[in-house]
Amino acid sequence: MKKKSSTRSKAVAPRKSRTMPKKYQAPLIEKKWQRIWEEQGLFKTEMFSNKKQKYYCLVMFPYPSGDKLHVGHWYNYGGTDTFARFMRMKGHNVFEPMGFDAFGLPAENYAIKSGVHPAKSTAKNISYMRKQLRSLGAMYDWEKEVVTCDPEYYKWTQWLFLQFYKKGLAYRTKAPVNWCPHCQTVLANEQVQNGICERCGTAVTKKDLTQWFFKIRDYADRLLDFKGLTWPEKTKSMQEHWIGRKEGINIRYRIKDSDKEITVFTTRPDTNFGATFVVIAPEHPLVDSLTTMENEAAVHDYIQDAKSKSEIERMNDVREKTGVFTGSYAINDLTGYEMPVYVADYVLMDFGTGVVVGVPGHDRRDFEFANKFSIPIIRVIQGIDGNTGPIDSIDKVQEDDGIMVHSEFLNGLHPTEAISKMMDYIEKKGFGKRVINYRLKDWLLSRQRYWGCPIPIVYCKSCGEVPVSEKDLPVLLPEKVNYLPKGDERSPLGTSKQFVHTTCPKCGESAEREVDTMDTFVCSSWYFLRYPSSDFFREIDSSKKGSKQTHFSKNTHISHNVHAFDQKLTKKWLPVDMYIGGAEHACMHLLYARFFTKVLHDLGYIDFEEPFTRLVHQGIITKNSAKMSKSRGNVVSPDAFVKRYGSDVFRMYLLFMGPFTEGGDWDDRGITGLARFIEKVYTLITQKKTDIDDPEMLRLIHKTIRKVGFDIERFQFNTAIAALMECTNMAYKKGLSRDSAKFLVKLLAPLAPHFSEEMWGYLGGKFSVFDAPMSETAWPQFDSALAAETEVELVIQVNGKVRGRLMVSVDISKEEAISQVKEVENVKRYIEGKTIRKEIYVPKKLVNIVV
């Protein structure tokens with residue numbers, strides 16, 4: 001059982017002003033407030049309370065694949081926590097949980113490298129990461145922690161798999177799959193980037209294996225609907241591209257002297273009068289039946305050679321095209337032309353139907369292939385040069401727009417018109433049908449690795465494939481297993497007789513368990529649903545007597561009415577209001593989570609279809625303009641800087657380096673500036689208070705309130721900190737009243753929580769600076785009149801070139817503005833003795849004098 005923080009005890013009494021040390025003692029103060037926050041249960045979310053509007057703020061949870069959180073984690077988590085604290089101070093009931101994505105290749109590879117069992121190494125790493133996360137001072141509700149390798153969690157991952165299985169959305173079949181020789185497991189298409197394993201960088205090969213899949217392709221169209229989501233446009237575009245919806249037509253071509261036919265998907269049937277050959281992928285199941293006896297040896301050798309090539313090699317445009325003739329011909333029903341059928345590795349089974357019709361007059365790849373194998377080239381689109389004859393040079397391949405020629409009933413049409421007319425013709429003649437095709441393939445979830453969630457399926461000689469009964473979940477992952485990858489398609493779990501041998505849930509006879517484990521992305525596709533209900537159906541201790549919820553231990557059987565999450569809590573807290581994490585997850589985790597949510601909606605378990613309403617991607621922290629890595633020797637250790645400067649200063653420096661969504665370049669010297677700033681605020685509050693604020697100071701305080709609130713809401717932390725620095729600098733000169741000092745502390749609170757809590761108490765504020773009475777908000781309100789700008793800066797131009805700047809009254813007239821501009825010395829130089837032809841005035845922005 002995880003340790004539970006106590007519920008809030010009596011409030012911490014406000015402290016009267018007292019003599020303070022001359023310098024701020026960050027490490028001591030931060031430990032003190034972390035202890036008080038935990039003792040008071042300050043961050044324990046009131047899950048069933050309706051007193052305040054809920055706000056679910058979530059950051060992507062980390063892999064415990066190493067023994068420390070790196071600076072990128074701190075950047076992400078610090079920014080998220082700053083925003084969450086801001087929303088709390090704005091009056092929301094904020095839920096900010098944390099957990100660990102503990103299964104999968106990252107954790108297992110670390111265990112193999114360290115020589116420590118994944119269960120032990122992962123537990124140790126999680127323990128250390130918890131310590132680091134607590135030192136961050138984030139307001140995580142640790143009672144709601146989830147750890148995906150905990151049987152109390154993966155029991156429900158297995159339960160969800162069974163719900164998908166019952167609805168026909170999980171299936172097992174033999175198919176060509178991506179195989180990583182280094183990780184020694186299959187990979188989903190999303191985990192292969194340009195033919196390379198996204199985890200280890202090894203070239204991926206293809207193997208025919210029987211694997212488990214989720215039918216994500218059935219949801220392709222719905223996954224293209226982003227209505228109601230405040231997401232980065234680039235992320236939506238990446239998902240649209242990955243799903244790859246294309247409207248086209250499947251054309252059937254008869255094979256000469258045979259009853260066979262092959263189907264080709266194309267979005268450009270208008271060019272089919274110029275089709276002169278067909279190319280089929282080496283993996284295509286029809287290759288054998290299309291290959292004539294005299295070509296068998298050559299085709300076989302070619303296929304074997306293609307298997308040794310990575311996808312990136314095969315798709316390389318500059319590589320010379322290769323192929324081998326099958327001996328078969330496909331009939332082009334438009335022209336009667338007998339098109340030779342080739343096997344070529346530049347065609348992939350994953351795209352379309354795995355067959356391409358070659359139109360060498362209008363496609364560069366097809367043109368190169370046709371030239372190599374002396375295949376006729378026919379031009380059916382007249383280009384700008386008017387050339388419609390045979391092509392002898394690669395420079396003359398016509399891929400640009402034009403007018404249809406040599407195409408009978410399409411002649412004279414623009415290709416856009418011709419496409420539709422050709423589709424109508426093909427459908428009418430009965431040798432093709434309009435279809436919608438997708439680049440997206442079904443999600444391959446089987447993994448030939450040990451450290452993952454077991455798939456709850458058994459295989460019985462009499463009953464075949466049988467799902468494990470829900471009452472027998474979880475199927476526990478055994479610890480006494482040789483977890484090292486086997487170097488072939490065998491899974492490590494297959495070596496454990498105790499795990500493999502079981503009884504059939506259907507007939508009771510002997511059976512064998514599925515030995516592959518699930519892709520770790522299955523675990524992370526629903527974790528956001530689990531957080532509010534993380535103690536739902538969990539064994540509880542005696543101190544929890546009287547709880548209205550039912551709790552089960554690991555070994556308690558599951559009722560058929562039980563879900564993986566409390567539906568009332570889920571209805572109250574979901575979807576996630578703010579989700580923050582890396583853009584690299586656009587086509588994996590974020591897509592899978594959307595798929596899971598839509599399926600669970602269709603199954604009736606939830607009443608929403610999108611998991612994350614608003615999405616923000618953090619930028620990347622570099623050092624010396626390079627990505628941090630051990631090999632470069634430029635990794636920044638957060639622990640050393642936190643120990644020296646405190647976590648508040650470390651957080652603020654990270655957020656000050658640049659826009660949160662862009663990141664910044666780390667400089668060891670830069671953090672000292674933020675340390676001096678905090679020290680300056682400390683001195684200001686403890687030593688430079690005044691009884692009343694200077695009018696100019698008071699105006700700046702209210703402008704700063706407006707500015708900081710505006711910026712934090714938009715994740716513009718760097719400019720918010722800059723505004724606080726400007727305000728502090730003026731206050732340091734003019735002094736600050738106690739009330740204005742309280743305002744300043746509140747503005748700092750989301751960015752420097754420990755420091756602000758200490759200063760709030762020093763100023764006599766009631767614990768906590770992050771809370772306020774129900775009728776109020778802890779975030780300060782600005783006075784509109786005081787926050788209003790009294791002066792603005794005008795940009796001065798002469799003939800459109802900037803010649804100066806001038807501060808003027810905000811309500812200055814056009815005539816007065818132009819008059820003052822003409823008196824600026826640098827402007828006089830350019831207008832004296834010249835005729836002024838025009839005077840342009842843009843209120844509050846610029847004056848342009850045209851001479």
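Here is a chat between a biologist and a modeller about a predicted model.

Biologist: Let's start with two helices, H18 and H19. At what angle do they pack?

Modeller: Two packed helices are described by the angle between their axes and the distance between the axes. Here H18 covers residues 638–645 and H19 covers residues 647–656, with axes 7 Å apart. H18 counts as oblique to H19, and the packing angle is about 120°.

Biologist: How many nonpolar residues are in the contact of H18 with H19?

Modeller: From H18 come Pro638, Phe641, Val642 and Tyr645, and they meet Ser647, Val649 and Phe650 in H19. By class, there are no charged residues in this contact and one polar residue, while the nonpolar ones number six.

Biologist: Now Asn93, please. Is this residue buried or exposed?

Modeller: You'll find Asn93 in strand S2, residues 93–95. Setting aside residues up to four places away in sequence, Asn93 touches several others, including Lys52, Tyr55 and Trp573. The cut-off for buried is under 20% relative accessible area. Asn93 has 11%, so Asn93 is buried.

Biologist: Which residue's backbone oxygen does the side chain of Asn93 reach?

Modeller: Thr45, Glu46 and Ser49 are among the residues that Asn93 touches. The side chain of Asn93 reaches a backbone oxygen at 3.0 Å, and that oxygen belongs to Glu46.

Biologist: On to the open sheet of four strands. Which strands stand at the edges?

Modeller: The order is S34-S33-S36-S35, with mixed pairing. An edge strand here has a single partner strand, so one side of it is left without a neighbour in the sheet; that is the case for S34 (801–809) and S35 (838–842).

Biologist: And in S36, what is the bridge partner of Gln797?

Modeller: Strand S33 (residues 791–798) and strand S36 (residues 846–850) run parallel, joined by four bridges. In S36, the partner of Gln797 is Asn848.

Biologist: Which helix packs on the sheet?

Modeller: Look for the helix touching S33, S34, S35 and S36. Its direction makes about 115° with that of S35, and it spans residues 814–822: that's H26.

Biologist: Last one, Arg252. Which residue's backbone oxygen lies 2.4 Å from a polar atom of its side chain?

Modeller: Arg252 sits in strand S10, residues 246–255, and is partly exposed, with a relative accessible area of 29%. Leaving aside neighbours within four places in sequence, its contacts include Glu261, Asp333 and Phe431. The backbone oxygen at 2.4 Å is that of Gly430.

Note on methods:
Residues are numbered from 1 along each chain as its sequence is written. This is a predicted model: local features need pLDDT of at least 70, side-chain atom pairs count only at pLDDT 80 or more; totals for chains, interfaces and linings use all residues. Side-chain values use heavy atoms; hydrogens and water are left out. Axes are lines fitted to C-alpha atoms, for helices over the stretch in contact, and angles run from 0 to 180 degrees between N-to-C directions. Angles under 35 degrees count as roughly parallel, over 145 as roughly antiparallel, 65 to 115 as roughly perpendicular and the rest as oblique. Contact means heavy atoms within 4.5 Å. Ala, Val, Leu, Ile, Met, Phe, Trp, Tyr, Cys and Pro count as nonpolar, Asp, Glu, Lys and Arg as charged, and the others, Gly among them, as polar. Buried means under 20% relative accessible area, exposed over 50%, partly exposed in between (1.4 Å probe, protein chains only). A polar contact is a pair of N or O atoms within 3.5 Å; within protein, one must be able to donate a hydrogen and the other to accept it, and residues adjacent in sequence count only if both atoms are side-chain atoms. Two strands pair if DSSP finds at least two bridges between them.
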